[in-house]
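Dear colleague,

Here is the structure I promised to hand over, with the sequence alongside it. My notes on what was found in it follow below, and I would be glad if you read them with the structure open.

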Amino acid sequence: MKKLKERWGIESNFQLVIIFFVFSITGSSAVFAAKPLLSFIHLSRDQFPDAFFWGGLLYYILRIAIIFPIYQVLLVCFGWLFGQFKFFWGFEKKMLRRLGLGRFLSEEKN
């Protein structure tokens, strides 16, 4: 845990617990929040044939592609609610740069 705290620039174990808690509730919340959107666009598992491997794979790829942006937004929101906005905003910026979307950030690279 000491190396993780150093890597993330965290000072206390309590802060680490809060960050882990935010990660855990964000995952569940993103899946829950995506249900109405998935229902609205009529994306369900039974629309993809079981006879082919690609049907199930395509469904899960589409589902993850829809849930991922919701997760990213919720991560920053929950981070803010729990007083860890600075950590999660830095985490998001780093992730966006790794995905090649860093050009959408208005500030310069840190």
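The end C-alpha atoms of residues 57-89 lie 31 Å apart, and this span is 91% helix and 0% strand. The stretch was chosen from a record, since an unreviewed UniProt entry carries the annotation "transmembrane region" for residues 57-89. Please keep in mind throughout that this is a predicted model, in which the chain averages a pLDDT of 86 and 91% of the residues score at least 70. Among the elements of the chain, the lowest mean pLDDT, 85, belongs to helix H1 (residues 2-8), whereas H2 has the highest, at 92. As a general caution, predicted coordinates should not be read in detail where pLDDT is low.

On the surface there is a nonpolar patch formed by Phe-21, Trp-80, Leu-81, Phe-82, Phe-85 and Trp-89, which together have about 640 Å² of accessible area. Two helices, H3 and H4 (85-98), each supply at least two residues of this patch. One of the patch residues, Phe-82, sits in the loop between H3 and H4, and Phe-82 is partly exposed because its relative accessible area of 36% falls between the 20% and 50% cut-offs. Another member, Trp-89, belongs to helix H4; with a relative accessibility of 33%, Trp-89 likewise counts as partly exposed. If you follow the chain back from Trp-89 to Tyr-59, you cover 30 residues in sequence, and the C-alpha atoms of these two residues are separated by 30 Å.

A contrasting pair is Val-31 and Ile-70, which are 39 residues apart in sequence but 8.5 Å apart in space, taken from C-alpha to C-alpha. Val-31 has its place in helix H2, and at 31% relative accessibility Val-31 is partly exposed.

The loop between helix H2 (13-40) and helix H3 (53-81) also deserves a look, beginning with Ser-44, which is found there. The side chains of Ser-44 and Asp-46 are joined by a polar contact of 2.4 Å. Ser-44 has a relative accessibility of 26%, and therefore counts as partly exposed. Between the C-alpha atoms of Ser-44 and Lys-3 the separation is 42 Å, with their positions 41 residues apart along the chain.

What is the phi of His-42, which is not a glycine? In this model His-42 has a positive phi of about 60 degrees. His-42 is also placed in the loop between H2 and H3, and, because its relative accessibility of 57% is over 50%, His-42 counts as exposed.

With best wishes,
A colleague

Technical notes: Residues numbered from 1 in each chain as written. Predicted model: local features only at pLDDT ≥ 70, side-chain atom pairs only at ≥ 80, totals over all residues. Heavy atoms only, no water. Helix = DSSP H or I, 4+ residues; strand = E, 2+ residues; numbered from the N terminus. Buried < 20%, exposed > 50% of the residue type's maximum accessible area, 1.4 Å probe, protein only. Polar contact = N/O pair within 3.5 Å; in protein donor to acceptor, adjacent residues only side chain to side chain. Patch = residues over 30% accessible without salt bridge, like charges linked within 9 Å, V, L, I, M, F, W, Y side chains within 5 Å. Areas by Shrake-Rupley, 256 points an atom, 1.4 Å probe, with all protein chains shown as cover. Salt bridge = Lys/Arg side-chain N within 4 Å of Asp/Glu carboxyl O. UniProt positions renumbered as here; feature names shortened; annotations may be inferred. pLDDT = per-residue confidence, 0-100.
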